[in-house]
Amino acid sequence: MDYENADIDSVLADLKSSKEGLSEEEAAKRLLEYGFNELEEKTKVTPLKVLIRQFANFIVWVLLAAAIMSLTIDEIVNFWVIIGTIAFVILLGFVQEFKAEKAMEALKKMVQPVTHVLRNGVVTEVPTKNVVVGDVLVLETGDKIAADALVFELHGLKVDESAITGESMSIEKISGDMIFSGTQIVHGKCRAVVTAVGMQSRLGMIAGMIQESEVKTPLQQKIAELSKSLAVIALVASGLTFMLGYFTGAPTEEMMIIALALAVAAVPEGLPLTMTITLAYGMHRMAEHNAIVRKMLGVETLGSTTVICTDKTGTLTKNEMTVQKIYAGNKYFDLTGIGYDPQGSLLKNEETVDLEKNPTLNMLLKAASLCNNSSMVQRQGKWDVVGDPTEVALIVAASKADVWKDDLDTEYEKLHEIMFTSERKLMTTIHSSVEGRIAFCKGAPEFILQKCISIENDDGVRDLGEDDVERILSENLELASSAYRVLGISYRKLPEGLPVEESESELTFLGLVAMIDPERKEAKDAIALCNQAGIRVVMITGDNEETAKAIGKKIGLSPDYDGSVEQMNGKLRHIIDDGAVTGSELLTLDDEEFDSVVEGISVYARVMPEQKLRIVQALQNRGHVVAMTGDGVNDAPALKKADIGISMGIKGTDVAKESSLMILQDDNFETIVEAVKRGRGIYENIEKFTTYLVSRNFTEVILIMLGITLLGFELIPLLALQILFINLFGEVMPSISLGLDPIRNEVMFETPRKRGERILKKRNLLLMVSIALTMGLVCFLVFMFSDPVGNIERARTMTFATILSMILFIPFVFRSLTVSALSVGIFSNKLMLVGVASTFLLTLTVMYVPYLANIFEIVALGPVEWVIPVSAAFTTLFIAEAIKKIVASSGI
Ligand code: ATP
């Protein structure tokens, strides 16, 4: 179907008369014939790619060198064992990394984009990849365009085409223009017929150039650098060991194999792998808790968040609006009933209201229903509502007085709409009726009143006086202070020929509608948790200041300014006293003034979306790590600027989602706090496994170096194959189980981690060195006291058994770097239990299967003989715990 070359006018005329779109059958047929609306992924992970990546592992090459070395000195058994080890390392790396990649892919699938299209005459949500040529796209502000399409019906359409042109100015479109896949609607709405999908679209043609690949996060880079420097230290240590052996007369080749085995043991090759697994699984768990982190970077930044700036409506509140009061014709009316069920009544002094006798109220209900894009239908006795909750609340309220939007829509045909925007805080629709054209306008009361010149009461219309404005504003304040969200309603009978854009002026005021949006019960606890965790919560809303403050009070938002107010002028002092500021007050503050009070503000009300950027900036200037929520197109710059941009999964636009690091599937504030907690926990786990891995790796280096220096090569405490065995089975499982350790609730009792903190900070370094020294020394003592001169095989076996017994106990020590293993609980990490148990079983197999024992040159220990290795490991456990306690109490 080639719309671009057809006679545009006749195509447009055709399209406008079509209210059906494609049929589902036709769409399915086209999908089968032409395929999905997808770009070919050049960066897709394949098993082969993951397998090849394993050869980039430094350890594989060190092992290969050891294998070749064994061949040259005719150590055939050694050779095969080392080859087997290489295969094991590659297989393990492959399986783990592939699983992690799959988990990431599954995550991406959870945020499958959707698009609204017209099918069988009904606006239907379909996965974007199912859009076919000929589909009619139904698009609005914030939507990402799913395919190339020809616009045929529109209201004030502006498109940001920077994704394909690089040009950041948004472009105005008219009927007959093309819009392109991958670009975004930044204003207005439209219907457009699809002309090209997938790789045929303009985006598809340039897709190769713009495909994103995930870059390494700062933490991953740090870990990669750490592993490299440790590898260098390991090589130097093993080189030194070789020299030591060489000068004490050891055979060169055998010494070489020992040195290589030692290098293998000391290189923490498991670090980057464990890191990826920890982050990938961490992200997966967060996704299960409704927080989809789009980039790994998000996980680590979350943990250091110090301020959460959050929207009010829908995030702290339920976004389930119910109109409870109406102020019209100088009188208050009450509405009963809850939620979106039209069951309920409109009362005055507890008596049902007769609309005939209250013409202003009648007009207000009509205006509120007509200046409205929501709808409600009854299905099998239940009411289904579609649309913005604020608007749904209005039609539900009107229906309680038997005023039905469906009936009004036929009486007042809608001609135009000036869309609601968060900047104008107004919405206007223009209709034709038997009495001529009429505009209905609703919005924030202060903004409506600025556009009104008259007011209607039951006895007619008169000019709007200053005292009227004062009275209405004071009623508004009263309602807002009781946490009501208030809307003003007005209308204008339009003179012939008045241009659409001028219809939102010279309005007649009808009254106020007050709706309640209950706070989320869980928000209060989540905020209390934040306070305890040293995280400030700030509410940023487009709603009225009093409404915002009242809600803030209910959920326990409190400013905790502890700076000096001595030097402050009245304006700034007032802000600090109030803990709140409005968008227009913010405009009067220069950057310096704002920076001086920003710590004391917990509520920003009537804020323009662009001001969010300034708030993020001011908080960042004070050194904060800022998490910021947003849903609209204009929130995108602030979401990008924040350290963690958080978009709303339910009410968020595609634009906001693309600018964010995290998507909240349930729009719920509590989910942010849960994600911060997980971010903190994951970071803690990374610290744990890094400290464990490095200290364990150096144990063998210390042991061998002590042995060669003090006893000579002949009495080396462990042989190459034994070192390899310990390294393989003692490293991977325990460290992965530490990486996936269940997250402690106590992480929220601590203050946020400093941005850019090193993993091997002083405390961890101290623990690592002292525990490695203890383990190395204890093993050496066991070796010394096992009569190495009399029976070297048995003495090595005792040492071997000691290290493996340590692997049985020591990982538990590292489950917390501050408190005792017992207080963390022994059984709460099942993976660790399985890991250490299987390591121990393997050790027993090697020891008691004669064939294997022969290869590894170890002897079977009797039950009594086990007492020494096990008690040595147990003693080490106690010493390690004592070291932990001393380091923790020293406050380092
Ligand atoms: P938040 O930023 O916490 O989500 P919000 O949803 O209250 O807050 P906006 O959507 O920008 O912020 O609304 C600001 C004001 O505009 C509201 O207080 C209300 O008075 C008015 N308003 C909201 N929705 C509409 C609408 N559909 N039509 C007309 N006016 C509206």
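From which domains does the shell around the ligand draw at least three residues each? Domain 2 (303-317 + 520-674) and domain 3 (322-516) each provide at least three residues of that shell, the domain bounds being taken from an automatic or database domain assignment. The structure is a predicted model, in which local features need pLDDT of at least 70 and side-chain atom pairs count only at pLDDT 80 or more, whereas totals for chains, interfaces and linings use all residues. Residues are numbered from 1 along each chain as its sequence is written, and side-chain values use heavy atoms, with hydrogens and water left out.

The ligand is surrounded by 21 residues, of which K312, T313, R485, T541 and D543 come nearest; a residue is counted as near when one of its heavy atoms lies within 4 Å of the molecule. By class, the shell comprises ten charged, six nonpolar and five polar residues (Asp, Glu, Lys and Arg count as charged; Ala, Val, Leu, Ile, Met, Phe, Trp, Tyr, Cys and Pro as nonpolar; the others, Gly among them, as polar). Strands β18 (436-443) and β21 (485-493) each supply at least two shell residues, and β21 gives the largest share, three residues. Strands (E, at least two residues) and helices (H or I, at least four) are DSSP runs numbered from the N terminus.

Side-chain N or O atoms approach the ligand at several positions. An oxygen atom of the ligand lies 2.7 Å from such an atom of D543, and an oxygen atom of the ligand is 3.0 Å from one in the side chain of R606. For K442, the corresponding distance is 3.1 Å, to a nitrogen atom of the ligand. The protein covers 92% of the 620 Å² of accessible area that the ligand has on its own, as computed by the Shrake-Rupley method with a 1.4 Å probe.

E504 is located in the loop between β21 and β22 (507-516). This residue is classed as buried because its relative accessibility is 9%, the limit being under 20% relative accessible area (1.4 Å probe, protein chains only). The side chain of E504 forms polar contacts of 2.6 Å with the side chain of R424 and of 2.6 Å with that of T428; a polar contact is a pair of N or O atoms within 3.5 Å, and within protein one must be able to donate a hydrogen and the other to accept it, residues adjacent in sequence counting only if both atoms are side-chain atoms. E504 and M427, 77 residues apart in sequence, are separated by 8.6 Å from C-alpha to C-alpha.

Terms used
Buried < 20%, exposed > 50% of the residue type's maximum accessible area, 1.4 Å probe, protein only.
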